[in-house]
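Let's take a relaxed look at how some helices and charged side chains fit together in this protein. Have the structure open while you read.

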Amino acid sequence: MPLELLVSAAVAMGDYGAAATRLEELRSLAAVMSTPPLRASVRLLEGLLAAGMGDHEEACDRFEDAVDLFTGCRAPVEAGRARLELAA
């Protein structure tokens, strides 16, 4: 999903404002569509943004949520990515 890539790239570049803006767009989309994989992606990206900004407790909470949601919708690769972020 392009918004997911934009958020990830912005976090990697340290542009947290752009990441937050794109994440808000994705949240709006998730509010309308409300599918488990999309909600899980939002949680993973919230965790990446929180970790990038130094809020590690919030990041862990979001990564744990992402693992649960991805596992629940049988997305093992994505759940594994969330677990790796949780372990970092």
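When the angle between two helix axes is under 35 degrees, the helices count as roughly parallel. Keep in mind that this is a predicted model. Here, helix α1 (residues 2-12) and helix α3 (residues 36-52) pack at about 10 degrees, with axes 10 Å apart. So α1 and α3 are roughly parallel to each other.

Which residues make the contact between α1 and α3? From α1 come E4, V7, S8 and V11, and they meet S41, L45, L48 and L49 of α3. Sorted by type, the residues of this contact are five nonpolar, two polar and one charged.

Now for the charges: the structure holds eight salt bridges. Three of them are listed here.

| Salt bridge | N to O distance |
|---|---|
| R27 and E46 | 2.8 Å |
| R62 and E46 | 3.4 Å |
| R62 and D65 | 3.9 Å |

E46 sits in helix α3 and pairs with R27 of helix α2, 19 residues away along the chain. E46 also pairs with R62 in helix α4 (residues 56-72), 16 residues away. R62 and D65 are both in α4, and because they are three residues apart, about one helical turn separates them.

Buried or exposed: what about E46? With a relative accessible area of 11%, E46 is buried. Its partner R27 is partly exposed at 32%, and R62 is partly exposed at 23%. D65 counts as partly exposed too, at 30%.

Zoom out, and you'll find E24, R27, R43, E46, E58, R62 and D65 linked in a network of salt bridges.

Notes. Residues are numbered from 1 along each chain as its sequence is written. This is a predicted model: local features need pLDDT of at least 70, side-chain atom pairs count only at pLDDT 80 or more; totals for chains, interfaces and linings use all residues. Side-chain values use heavy atoms; hydrogens and water are left out. Axes are lines fitted to C-alpha atoms, for helices over the stretch in contact, and angles run from 0 to 180 degrees between N-to-C directions. Helices (H or I, at least four residues) and strands (E, at least two) are DSSP runs, numbered from the N terminus. Angles under 35 degrees count as roughly parallel, over 145 as roughly antiparallel, 65 to 115 as roughly perpendicular and the rest as oblique. Contact means heavy atoms within 4.5 Å. Ala, Val, Leu, Ile, Met, Phe, Trp, Tyr, Cys and Pro count as nonpolar, Asp, Glu, Lys and Arg as charged, and the others, Gly among them, as polar. A salt bridge is a side-chain nitrogen of Lys or Arg within 4 Å of a carboxyl oxygen of Asp or Glu. Buried means under 20% relative accessible area, exposed over 50%, partly exposed in between (1.4 Å probe, protein chains only).
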